[in-house]
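Me: I would like to go through a structure with you, one question at a time. Shall we take a look?

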Amino acid sequence: MNLYLHIPFCASRCSYCDFYTQTGSRLRRDFLDALIRELHLRRVELPDGALIDHIYFGGGTPSLLTPEELTRIFDTITELYPLTGTGEVTIECNPDDVTEEYAQALSALPINRVSMGVQSFHADDLTFLNRRHSAEQVFAAVEALRRHGIDNLSLDLIYGLPGQTEERWLTNIRTFLSLGVPHLSAYHLIYEEGTALTRLV
Ligand code: SF4
């Protein structure tokens, strides 16, 4: 059995994104209380003898959570749920959130894998997609995580951007390969209803 925890907050809205997410933090405290409560309520759904193997923090942007907030969630999980202790514990991060201090804080938690939304290494693509990080921040985040012992990394890239040539996509792939990161998720851009990108089209 695995646990997925959805953190529906983002610092800003990417132009292509139709996930449910809020860019304000007004509800954050209430949300965390509700998440802790749901962890308690759903404990009865775990069959007798079952163990939790993998844990995944998705979003939204889970890296908006402070180390203290993550500690509160992990304390609840370890109090309530039997864990195998050998599974992947992944958090999705925005590259600009992964400072040296944040990487160090993640390494002090049970987290052993980080998935980062990169989408492109081209600055103009990042502007077009309304991403709030640069390629340099991705490189710095990868290095910071490795320095703190987290080397099980995954990066997301998006292909099929308007006007994207094969060469520009290959540049993204080559840059990804040069980082030596073990996993890539490649997504085709979709014009989702209600997004800024679709309005632009
Ligand atoms: S960071 Fe992720 S969840 Fe948040 S708006 Fe961008 S794509 Fe959507």
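Reply: Happily! First a definition: Ala, Val, Leu, Ile, Met, Phe, Trp, Tyr, Cys and Pro count as nonpolar, Asp, Glu, Lys and Arg as charged, and the others, Gly among them, as polar. This is a predicted model, where local features need pLDDT of at least 70, side-chain atom pairs count only at pLDDT 80 or more, and totals for chains, interfaces and linings use all residues. Residues are numbered from 1 along each chain as its sequence is written, and side-chain values use heavy atoms, leaving out hydrogens and water.

Me: How many residues of each class does the shell around the ligand have?

Reply: The residues surrounding the ligand include C10, R13, Y16 and N94, where near means having a heavy atom within 4 Å. Sorted by class, this shell has two charged, four polar and five nonpolar residues.

Me: Is C17 buried or exposed?

Reply: Buried means under 20% relative accessible area, exposed over 50%, and partly exposed in between (1.4 Å probe, protein chains only). C17, one of the residues around the ligand, has 18% relative accessibility, so C17 counts as buried.

Me: How many disulfides does a search of the whole structure find?

Reply: A disulfide is a covalent bond between the sulfur atoms of two cysteines; here the cut-off is a pair of cysteine sulfur atoms within 2.5 Å. Take C93: its closest cysteine sulfur, in C10, is 12 Å away, so that is too far for a bond. C93 is also buried, at 3% relative accessible area. Over the whole structure, the number of disulfides found is zero.
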